[in-house]
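Reader: I have a model open on my screen and would like to learn how to read it. Could you take me through it, one feature at a time?

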Amino acid sequence: MWLAVRAVRGGGVGFGSPRAASGAAAAQLRQRLESELEDIRGAGTWKSERVIASRQGPHLRLAGGGGGIINFCANNYLGLSSHPEVIRAAVEALEKFGAGLSSVRFICGTQSIHKDLEEKIARFHQREDAILYASCFDANAGIFEALLTPEDAVLSDELNHASIIDGIRLCKANKYRYKHMDMQDLEAKLQEAQKHRLRLVATDGAFSMDGDIAPLREICQLAQKYDALVFIDECHATGFLGPNGRGTDELLGVMDKVTIVNSTLGKALGGAAGGYTTGPKPLIDLLRQRSRPYLFSNSLPPAVVGCASKALDLLMESNAIAQSMAAKTQRFRSKMTAAGFTISGKDHPICPVMLGDARLASVMAEDMLNRGIYVIGFSYPVVPKGKARIRVQISAVHSDEDIDRCVEAFTEVGRKHGALP
Ligand code: PLP
């Protein structure tokens with residue numbers, strides 16, 4: 001076996017060059033795909049991927065380029081993805097538990113570390129139980145179909161993340177979409193939905209394009225008035241919002257009123273991958289029986305479990321990391337506002353610098369990189385037309401100097417391109 005592998009590596013059999021499928025259908029498909037790709041380029045919405053040649057962190061080296069790039073576009077809110085203890089925990093888990101499980105959870109894919117992590121997540125969020133998924137996208141894809149039937153209703157904020165929208169599409173419940181954070185509209189929709197057996201209000205805790213935070217107190221009050229449950233997606237909140245980093249529900253004092261929390265292990269909690277649902281035990285038990293992305297997908301790899309588990313230990317030991325985030329965010333927001341920029345959202349490390357024009361956002365982002373600051377411009381269709389922006393994300397491991405350099409670069413580039421007087 002090993003000899004065979006070596007023979008291939010040594011230039012023996014090898015994999016050869018790619019083979020194009022032949023036949024009329026394959027040719028027709030290729031033509032159609034190429035034309036679709038051309039349309040995407042023509043519409044100016046092509047997403048290219050920059051290749052990073054270093055670890056994820058506040059300072060990066062890009063492949064083929066120089067080092068010393070200050071990174072302001074990762075969801076590495078707490079800087080834990082390159083934290084030495086997180087990396088050590090991953091290596092230890094890898095050595096002790098192997099590369100992976102080659103199995104779904106219910107066949108032979110559950111190790112003690114998976115159970116420990118689920119217990120830790122539930123404790124962190126002060127919920128009864130938790131279930132792991134390969135991603136939060138999967139957690140969102142799996143929950144609505146397993147929980148809601150045609151007798152039920154789901155009420156969803158119009159700007160919810162794509163994975164919530166897709167999860168809701170997969171379920172057979174009656175669907176209501178309310179205007180973004182509009183409590184009057186939510187109330188009207190709740191009144192309409194009284195005829196159904198069960199009502200579930202679904203919202204992002206923090207919205208990733210605008211850095212705005214769902215009005216959870218008001219949502220929970222309406223849910224109580226109209227006998228509904230509340231679900232939140234905490235991908236952009238877990239680990240750093242609230243006095244102890246528990247999330248939006250802690251920040252707004254409604255931990256006991258939100259029934260279901262979905263979140264990711266791929267952002268603040270170590271940044272590797274993975275997602276979860278936490279909430280009432282019978283719901284988690286049901287998801288283990290019925291949720292398709294859980295039942296039909298491989299278990300989380302031990303190294304990934306190790307990272308997340310250590311990240312949670314660090315957060316439960318002390319709230320210092322979560323709190324350092326807030327001061328950095330405040331520094332960036334206030335200096336940028338003083339420089340004359342408009343920053344959307346409030347008190348969130350997602351700081352969208354609003355520019356309006358798509359071309360302006362794109363050329364400014366490019367020019368920022370020339371000055372060693374890595375930021376990304378977003379335009380239609382990712383955000384509404386005329387609302388193009390550069391999204392800056394602050395991490396607890398940015399130094400004050402990093403933040404000041406970013407503001408200086410924005411000021412220079414903004415003046416050069418006419419975004420500032
Ligand atoms: N929900 C929200 C609000 C997100 O921003 C994301 C990731 O971008 C996801 C869900 C999906 O998370 P994951 O990367 O764990 O699949």
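Author: Happily! Keep in mind that this is a predicted model. Let's begin with a single side chain: leucine 222 has a relative accessible area of 10%.

Reader: Is leucine 222 buried or exposed, and why?

Author: The general idea is a cut-off: a residue counts as buried when its relative accessible area is under 20%. Leucine 222, at 10%, is therefore buried.

Reader: Where is leucine 222 found, and which residues does it touch?

Author: Leucine 222 belongs to helix 9, which covers residues 216-225. Leaving aside residues up to four places away in sequence, leucine 222 touches Met183, Leu186, Glu187 and Leu190. Take leucine 190 as an example: it is 32 residues from leucine 222 along the chain, and their C-alpha atoms are separated by 8.2 Å.

Reader: What should I look at just past helix 9?

Author: Look at the backbone angles there. Aspartate 227 lies in the loop between helix 9 and strand 7 (229-233). Its phi is near 55 degrees, a positive value in a residue other than glycine. Aspartate 227 counts as exposed because its relative accessibility is 58%, and the cut-off for exposed is over 50%.

Reader: Where is aspartate 347, and what is its phi?

Author: Aspartate 347 sits in the loop between helix 14 (320-339) and strand 10 (350-356). Phi of aspartate 347 is near 55 degrees, again a positive value in a residue other than glycine. With a relative accessible area of 47%, aspartate 347 is partly exposed.

Reader: Which residues does a cis peptide bond join?

Author: For this feature, read the omega angle. Tyrosine 380 and proline 381 are joined by a cis peptide bond, with omega about 10 degrees. Proline 381 is in the loop between strand 12 (376-378) and strand 13 (388-393).

Reader: And where do I find proline 421?

Author: Proline 421 is in the segment after helix 16 (400-416). At 92% relative accessibility, proline 421 counts as exposed. Its C-alpha is 8.6 Å from that of glycine 340, a residue 81 positions away in sequence.

Reader: Now let me zoom out. How many helices and strands does the chain have?

Author: The chain has 16 helices and 13 strands. Its radius of gyration is 23 Å, close to the 22 Å that the globule rule gives for 421 residues, so the chain is as compact as a globular protein of that length. Along the principal axes, the C-alpha trace spans about 70 × 55 × 55 Å.

Reader: What share of the residues is buried?

Author: Buried residues account for 49% of the 421 in the chain. The chain exposes about 20400 Å², and carbon and sulfur atoms supply 53% of that area. Contacts are worth reading too: among those between residues at least 6 apart in sequence, 69% join residues at least 24 apart.

Reader: Which domains does the assignment give?

Author: Watch the numbering here, as a domain may be listed in pieces. Domain 1 is given as 48-77 + 320-417, and domain 2 as 84-317. In the contact between them, domain 1 takes part with 21 residues and domain 2 with 18 residues. The C-alpha centres of domain 1 and domain 2 lie 27 Å apart.

Reader: Last one: how far apart are the mean positions of the positive and negative charges?

Author: For the 50 positive and 47 negative charges of the chain, the mean positions are 4 Å apart.

Methods
Residues numbered from 1 in each chain as written. Predicted model: local features only at pLDDT ≥ 70, side-chain atom pairs only at ≥ 80, totals over all residues. Heavy atoms only, no water. Helix = DSSP H or I, 4+ residues; strand = E, 2+ residues; numbered from the N terminus. Rg over C-alpha atoms; globule rule 2.2 N^0.38 Å. Buried < 20%, exposed > 50% of the residue type's maximum accessible area, 1.4 Å probe, protein only. Contact = heavy atoms within 4.5 Å. Areas by Shrake-Rupley, 256 points an atom, 1.4 Å probe, with all protein chains shown as cover. Lys, Arg positive; Asp, Glu negative; His and termini not counted. Charge placed at Lys NZ, Arg CZ, Asp CG, Glu CD. Domains from an automatic or database assignment.
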